[in-house]
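Hi everyone, thanks for coming. I'd like to walk you through one structure today, starting with the ligand and ending with a couple of backbone details.

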Amino acid sequence: MAQEPRILRTKVGIIGGGPAGLMLSHLLSGAGIENIVVEKNDHETIRNTHRAGILEAQAVRMLADSGIEGRVLSHGDEHSGIDLRFNGESHPLDFRELVDATVTLYAQNEIFVDLAAARARDGGDVRYSCEVTEILDVESNNPKFRFTDANGAVYEVHADILVGADGSRSFARRQMPQSTRQDFKVSYPFAWFGILTEAPKSAPELIYANSPHGFALISQRSDSVQRMYFQCDPNENVEDWSDDRIFDELQRRVAGPDGFELKTGPIFDKTVLGFRSFVREPLSHGRLFLIGDAGHTVPPTGAKGLNLAFADVKVLFEALDSYYSTGDDTLLGGYSQQALKRIWKAQNFSYWMTSMLHTPVGTDPFMMRRALGELDSVTSSTYGQQYLAEAYTGWPNS
Ligand code: PHB
């Protein structure tokens, strides 16, 4: 016989306890707005999920202003530029000089650890290993969702507002009626092969390389751990790649007449990351609101994913705060439109960076030369560099 669910009452029910869901929960609790977070995975799984590591200044400020320990400030690495490498030559872009802004390298799983610790410290109600099975009544003033915990106990969360923060395979997103929604997407004929290696830094800042053999990104995690990626086939099998083969592939993509050489070391993590651009419109239906990857996904070139998720959190938090302090739901009604403005700018930027830097297998030689012409146009002009720098470091609030 089906179990009678135990009822939990709250103001905001958040489905998904990744960085976006936890950040929203943290801000809401700080404003005295009760909330519950329900997350499918266990703490360890999320902690070990490696994602991009670049934070815009606005995201750093959100973490710092909301009192998330300050580890991002003490352990994050401020970067004032990137190197665009093509035709085997380096083209450094200095963001500080170009647009008076910087970014901070701080791994997304560290942000999760910081947010989860802050929620635990502040007595936040965050439940891991809990699977949401049903979302109900989102068109009413009493939306609900059901979930089953790790012991099989069934609960029903009754809230004023529900938030889907459950990532790119969002369950919440699928509950919105087909007749009122539109999905926009692009798929790409390549993926990224990502590694973590115990090696010293190869360069002081990130290198984005276009080469006839495909794209490579040389990123970092610390003085002794580095993160690198190279463009690969989406069906690539990590087992087929020895450490030597991986470094040979990376090296030939960054090689040039300047003799630049990667510093190598043992590889302890290998993953293939899929590529997709996706946007759901609108980002809300009735009393259900989507934030972060649940509502939109970008390819990782340009590292906009988490930054966009935090931008959504900011807009939604301000709307919820206004709703709970004045009873006026105008800002909530405008959430989707407001968030989508930045989302589409970031979609354009991520698509642009991806197409300019990658070489799909079998690319027409014309298209390869065209991409090099584009890279040259950007790097040889102050305006071009500023355009990229402003987008990379994050547009002022919009
Ligand atoms: C990373 O360090 O993982 C990273 C950095 C920049 C990107 C993507 C990933 O554009």
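Before we look at the ligand, one term: I call a residue near a molecule if one of its heavy atoms lies within 4 Å of it. Please also keep in mind that this is a predicted model.

So, which residues come nearest to the ligand? There are 16 residues around it, and the nearest are Tyr208, Ser219, Arg221, Tyr229 and Pro300.

Let's take three of those and look at their polar atoms. The side chain of Tyr229 has an N or O atom 2.5 Å from an oxygen atom of the ligand. For Ser219, a polar side-chain atom lies 2.6 Å from a ligand oxygen. Tyr208 also places a polar side-chain atom by an oxygen of the ligand, here at 2.7 Å.

Is the ligand buried or exposed? Taken alone it exposes 280 Å², and the protein buries 100% of that. As for where it is, the ligand sits in the largest cavity.

Now to the elements around it. Three strands each give two or more residues to the shell: β16 (206–209), β17 (216–220) and β18 (225–232). By residue type, the shell divides into nine nonpolar, four polar and three charged residues.

Why do I say the ligand lies between two domains? Because domain 1 (6–79 + 103–184 + 277–352) and domain 2 (187–275 + 361–393) both give residues to the shell around it.

Let me finish with the backbone. As a reminder, most residues other than glycine have a negative phi, and most peptide bonds are trans. With that in mind, have a look at the peptide bond from Glu281 to Pro282: it is cis, with omega near -10°. Pro282 is in the loop that runs between β20 (276–281) and β21 (284–285).

The other spot is Ser129, a residue other than glycine with a positive phi, near 55°. You'll find Ser129 in the loop between β9 (125–127) and β10 (131–136).

That's my tour, and I'm happy to take questions.

Key:
Residues are numbered from 1 along each chain as its sequence is written. This is a predicted model: local features need pLDDT of at least 70, side-chain atom pairs count only at pLDDT 80 or more; totals for chains, interfaces and linings use all residues. Side-chain values use heavy atoms; hydrogens and water are left out. A polar contact is a pair of N or O atoms within 3.5 Å; within protein, one must be able to donate a hydrogen and the other to accept it, and residues adjacent in sequence count only if both atoms are side-chain atoms. Accessible areas come from the Shrake-Rupley method with a 1.4 Å probe; for residues, only the protein chains shown count as cover. On a 1 Å grid over the protein atoms alone, a cavity is a set of points where a 1.4 Å probe fits but cannot get out, and a pocket is an open set with protein on both sides within 12 Å along at least five of seven lines; lining residues have an atom within 4 Å of a point. A molecule sits in a cavity or pocket if more than half of its atoms lie within 2 Å of its grid points. Helices (H or I, at least four residues) and strands (E, at least two) are DSSP runs, numbered from the N terminus. Ala, Val, Leu, Ile, Met, Phe, Trp, Tyr, Cys and Pro count as nonpolar, Asp, Glu, Lys and Arg as charged, and the others, Gly among them, as polar. Domain bounds come from an automatic or database domain assignment.
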